[in-house]
Amino acid sequence: MTRFETFTELVLARTGALGAKDAFIFLRDGATGSEADHLTYADLDTEAKRVASWLQSKGTFGKQVLLLFPSSMAFVKAFVGCLYAGAVAVPAPLPGDQGHHFQRVAGILHDAEVRAVLTDAANEPQISAWLAAEGLDHISCLAVDGVDEHGEPAYGDPEAWTRPSFGPDHLAFLQYTSGSTSAPKGVMVSHRNLLANEAAIQRSVGSDSESRFGGWLPFYHDMGLIGHILQPLWLGGSAVLMSPVSFLKRPFRWLQMIDQYKVTVGGGPNFAYDLCLRRVTDEQLATLDLSSWVAACNGAEPIRAETLRAFAERFAPAGFRAESFFPCYGMAETTLLVSGTPLGQAPVERTADAVALERGELLAAGPDAPARTLVSSGIIEDFDVRIVEPQSLAQQPDGHVGEIWIKGDSVAPGYWARPETNKEIFDAGIAGTEGPDAAGWLRTGDLGVLDEGQLYVTGRLKEMVIINGRNLYPHDVERAVQAMDPALGAGAGSVFAVDTDREHLVVVQEVRATAVSTDLPTLLAGIRQLVGKEFNVPAGNVLLVRPGTIRKTTSGKIQRTLMRKLFLDGAITALHSSLDTEVAALLRASAEPVLEPVA
Amino acid sequence: MTTEIHDLPAESAVHTSESLTVWLVDRIAVYLRRSPGEIDPTVPLAEYGLDSVAALSLCGDVEEDFDLVLEPTVAWDYPTVEALAAHLLEDLAGEVGRR
């Protein structure tokens, strides 16, 4: 394969060579079925040049351009347009879509020092109005599908585009998946990083130009963008895409897409497979042929052995094979993929002694010992990975749990405009070493263990919670809850997750009983509704507690890990509470029952 | 959907507040991994841990079974099974009226 210096050169080569081939097919949701939009490589080239010529006229070379789109073909044209212009794309969730607010996007807009915004004709008026209201009229906003009264494109001229010149360290995009809402952090992904990771994905998944990708993940999500859109472009393959809403409404449509378009590679977080298990009916299953699917990716949240087993069993009659599962591990900071399960190999599992694992050791579970089944995230090929004790920074031997540290060409140079954080997170050194090991490591914040070449991810070092593939920062939830009612605003709160067969969010919030204008049950119901709606995760467990219950460090930092332990020990007395059935059972099993679930 | 005139009275008679309540409780129990017996039609769904995935699941199933397109926010605007059933009944009556 020709070696390309930049992803832009690569895409230009693909669009030049593959003309009439479909690059992307987007399935729009109708009540009775899906309608397909097709985009050939040649059309993608023309449309991207049109966008790029407009971007060039706005002087955006090497500058950030915010992409605010619903899931649609317009996003792909805009993203490739940024590549063609040498601009730095900043994909972000569309405000108003699924509980995303202008306030959240505003954080990204300011942090990224955005020079222009690309969107579609349907959303351009409200986005322009928002920019004006924020006093940001100097930021140009373009609807990339805008047409004039004759139905012709209303802007830009593909012929006016000029090929930009830049090297592999030029930034391709900023990926805002890290950091809380109040302090968003954009991973700087260079053309070098992107090319390196696409090569790593290809090697791991075993994809080629005949591969057909199929997915529904948001396009601003790293797996959605790098896995389902840029990997097919890198290969000269093709992808079928649908919106997350289409999938969440009817998970069957995703499986139908895999069947009808003979999708070979595609996936999502573990919860997507659970959703298919629960919502696809036997009648629907009987119509499916999933035999084309050779790489069903499962990553971005903890991988559950039960989910893999149940899915493989239930969908076997549709031709799905357990070896097709592709458990993998990665993050925006490494562009995307770090490890994956080799093609044709069933997921590797280990039944670990749960107590030893808490202590940091991977040991086989005895017959009567509490056990935890770990699913391997696969093997590491294109990276150097070490397991490091997070306090002493000493390297751990195989079989011992520690923080996962990573080095390689896919590892981003850091977060945009965060030199202090970058030194700490992207330039760590292993204690007691000299030379290359003493610097340049990415600290992932994930806990894991290496064993016989397999990487098992066992938990999070940071307090971030991952539910339904969504990264939640406790601080964001705590703040939102406290802003809801004056009776809560004066108190502290602590948000954390506990694990049964899935992750459960727990909200502990202090309340000043004298300031409650309604009653505690109403207040509690309000919290559950707020969290469910604003953060898109179920808030099954809410405890309203007396002021002074939340433990803090002397510097005032919330001790969430301690609060979680107290909660699990049954040592938190609530004024009023509600608990998920499974969580209540967990507490009963581990401590005296001081809390009763709300019936 | 075929809409022959003589089907209409029968079709609209099929949906009652009771039948919709049973249908909603069954579906919502699946989304929330609970048994139908646990879902009280008068208790806000958020109290059972309703999230946006469940809210969208509901929209999808209503579209499939009743041929009605709902706003994704419907489960927040009508937060109990009782309120949802009444809203669906109204929408279904509207659909029939428009035909």
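**Helix crossings and chain contacts**

Student: What makes the crossing of α1(A) and α2(A) left-handed?

Tutor: The crossing of α1(A) and α2(A) is left-handed because the near helix is turned anticlockwise from the far one by less than a right angle, whereas a clockwise turn would be right-handed. This is a predicted model, in which local features need pLDDT of at least 70 and side-chain atom pairs count only at pLDDT 80 or more, while totals for chains, interfaces and linings use all residues. Residues are numbered from 1 along each chain as its sequence is written, and chains are lettered from A and ligands numbered from 1 in the order in which they are written.

Student: Why are α1(A) and α2(A) called oblique to each other?

Tutor: Helix α1 (residues 7–18) and helix α2 (residues 41–57) of chain A pack at about 130°, their axes being 7 Å apart. Angles run from 0 to 180 degrees between N-to-C directions, and axes are lines fitted to C-alpha atoms over the stretch in contact. Under 35 degrees is roughly parallel, over 145 roughly antiparallel, 65 to 115 roughly perpendicular and the rest oblique. The helices α1(A) and α2(A) are therefore oblique.

Student: Which residues meet where α1(A) and α2(A) touch?

Tutor: Arg14(A), Thr15(A) and Leu18(A) of α1(A) meet Tyr41(A), Ala42(A), Leu44(A) and Asp45(A) of α2(A); contact requires C-beta atoms, placed from the backbone, within 7 Å. By class, these residues are four nonpolar, one polar and two charged. Ala, Val, Leu, Ile, Met, Phe, Trp, Tyr, Cys and Pro count as nonpolar, Asp, Glu, Lys and Arg as charged, and the others, including Gly, as polar.

Student: How do you know that α10(A) and α12(A) are oblique?

Tutor: Helix α10 (residues 270–279) and helix α12 (residues 305–315) of chain A pack at an angle of about 45°, with axes 10 Å apart. The two helices are therefore oblique to each other. In addition, α10(A) passes α12(A) in a left-handed crossing. Their contact includes Tyr273(A) and Leu277(A) of α10(A) together with Ala310(A) and Phe311(A) of α12(A). By class, the contact of α10(A) with α12(A) has five nonpolar, two polar and two charged residues.

Student: Which part of chain B gives the most to the side that touches chain A?

Tutor: In chain B, 20 residues are in contact with 22 residues of chain A. Helix α3 (residues 52–66) of chain B gives the most to that side, with eight residues. A helix is a DSSP run of H or I of at least four residues, a strand a run of E of at least two, numbered from the N terminus. The touching side of chain B has eleven nonpolar, four polar and five charged residues.

Key. Contact = placed C-beta atoms within 7 Å.
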